[in-house]
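Please open the structure in a viewer and follow the stops below in order. Each stop names a selection and then describes what is found there.

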Amino acid sequence: MAHGGIRYLENGEFRLVREAVEERNRLIKNAPQYVRPLPTVIPIFQWLSGAFNAPLKFLGLLDKPAERGAAIIKMGLMMYDAYTGSERTVPRHEFLLRNAALKRYPQLNQEIVSIAEYYDGLIRSPERLCVELITDGETASPTAHAINYVSVVGAAENYVRLQDEVSGETFDIEPQLVINAAGPWIDFANQAMGQQSNFIGGTKGSHLVLDHPELRAAIGDHEFFFENHDGRIVLICPLEERVLIGTSDTRIDNPDDVRCTDDEIDYFLSMTARVFPAIKIDRSQIVFTFSGVRPLPAANAKSTGQISRDHSIEAVEATDRVKFPILNLIGGKWTTF
Ligand SMILES: Cc1cc2nc3c(=O)[nH]c(=O)nc-3n(C[C@H](O)[C@H](O)[C@H](O)COP(=O)(O)OP(=O)(O)OC[C@H]3O[C@@H](n4cnc5c(N)ncnc54)[C@H](O)[C@@H]3O)c2cc1C
């Protein structure tokens, strides 16, 4: 998604949300072949829930997530719209009361009090967008050269050792500076270069892909974005003719070990059933599961939702053994360039 991160407002990350909304708008304008406005529906089950928690969370006096009601969602969406500015790359948000909402989405849970509809950005081909960014970089700097299937496996003195992961061949280069953009593996890559760091506190996000024509028809071209009673987020999103359901946000130690677990599958299916109780959903409709790791900064926050999604650059200085500095790119969002 090219999203502005509406829920980061509650953590007081106003600059990040403003920047992310601006980037989302730029992507919709500059790369319409890949990014388009995504109408997003929030089913709301309470009027006031979360209204008192949000200011406390913002002041750092509360660290337990809770379900957000209509009042707090309305405030968030007003700010979100304001960040879009007068240009209106995407339409403003809209609130529908229960009866009107159920008329528009008849299979929604009858216990909703209202829905909110707002817009974010859907990246239809993130891989192609990524390749265009790389070719843009190479065009902008003729000395830049992108190579894949190559890992950093060592460093000493003034050289870094790289390994071709296909042939196994190794070769050395002599950099003045290394930029470590290994995401969740940043600390592992530093370790491979003989430097210790503790920058990353990655969190796992798992997803299911369902082949479920009835659910696919019920969501249409909309993402449904909603919360559990404990404030955890779940989204249901169209993925071509399939349905994508996610995501979790769980601390992990080793990004190579992450898998979508049975508990996560049960959780996603039960949450989807809460929003669309009339639609029968079970494991037989799952065609694919996957997990990724957000390269978030190491932090002591009590809940993962409170860890900043902002980006930063942390330096590992040159030493007697490794004579070049390493700049580490840390950050939890792809589309805030
Ligand atoms: C479930 C989930 C949902 C997300 N949703 C969104 C979203 O909707 N919008 C958004 O903007 N962001 C989203 N993110 C965050 C986004 O994916 C990350 O912020 C982004 O991928 C970070 O980019 P990166 O290049 O820093 O790291 P990565 O994309 O993780 O890339 C790191 C690369 O380093 C390579 N590497 C590792 N070790 C070495 C080594 N020793 N030598 C060489 N290379 C190495 C890896 O193979 C990998 O290719 C999501 C993340 C997750 C997990």
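Which residues in the largest nonpolar core touch the most other members? In this predicted model, select Leu108, Leu208, Ile245 and Phe276, which hold that place among the 31 residues of the core. Next, colour the elements that each supply at least two residues of this core: the helices α4 (98-104), α7 (213-219) and α8 (262-275), together with the strands β8 (203-210), β9 (223-227), β10 (233-239) and β11 (242-246). Among these, α8 deserves a separate selection, as the largest share of the core, 6 residues, comes from this helix. As background, nonpolar side chains in soluble globular proteins tend to be buried together.

Move now to helix α3 (70-84). The helix has 15 residues, and the distance from its first C-alpha to its last is 21 Å, close to the 21 Å expected at 1.5 Å a residue. Display the side chains of its buried residues: Ala70, Ile72, Ile73, Gly76, Leu77, Tyr80, Asp81, Tyr83 and Thr84. When viewing such a set, recall that an α-helix has 3.6 residues a turn, so residues three or four places apart point the same way. Then step past the end of the helix to Gly85, which follows α3 and has a positive phi, near 80°.

The next stop keeps α3 in view. The model contains 2 cavities of 30 Å³ or more, and the second largest of them holds about 30 Å³ of space. To display its lining, select Arg24, Tyr80, Asp81, Thr84, Val90, Pro91, Tyr118 and Tyr119. Which elements each supply at least two residues of this lining? They are α3 and β3 (114-123), with α3 giving the most, 3 residues. By residue class, the lining of this second largest cavity divides into 5 nonpolar, 1 polar and 2 charged residues.

Finish with the cysteines. How many disulfides does a search of the whole structure find? The search finds 0. Select Cys130 and Cys237: the sulfur of Cys237 is the closest cysteine sulfur to that of Cys130, yet the two lie 20 Å apart, too far for a bond. Cys130 counts as partly exposed because its relative accessibility is 30%. Add Cys260, whose closest cysteine sulfur is also in Cys237, at 17 Å, and therefore too far for a bond. Cys260 is buried, with a relative accessible area of 15%.

Methods:
Residues are numbered from 1 along each chain as its sequence is written. This is a predicted model: local features need pLDDT of at least 70, side-chain atom pairs count only at pLDDT 80 or more; totals for chains, interfaces and linings use all residues. Side-chain values use heavy atoms; hydrogens and water are left out. A disulfide is a pair of cysteine sulfur atoms within 2.5 Å. Buried means under 20% relative accessible area, exposed over 50%, partly exposed in between (1.4 Å probe, protein chains only). On a 1 Å grid over the protein atoms alone, a cavity is a set of points where a 1.4 Å probe fits but cannot get out, and a pocket is an open set with protein on both sides within 12 Å along at least five of seven lines; lining residues have an atom within 4 Å of a point. Grid points are joined across faces, edges and corners, and a volume is the space filled by probe spheres set on the points. Helices (H or I, at least four residues) and strands (E, at least two) are DSSP runs, numbered from the N terminus. Ala, Val, Leu, Ile, Met, Phe, Trp, Tyr, Cys and Pro count as nonpolar, Asp, Glu, Lys and Arg as charged, and the others, Gly among them, as polar. The expected span of a helix is 1.5 Å times one less than its number of residues. A nonpolar core is a set of buried Ala, Val, Leu, Ile, Met, Phe, Trp, Tyr and Cys residues joined through side-chain atoms within 4.5 Å.
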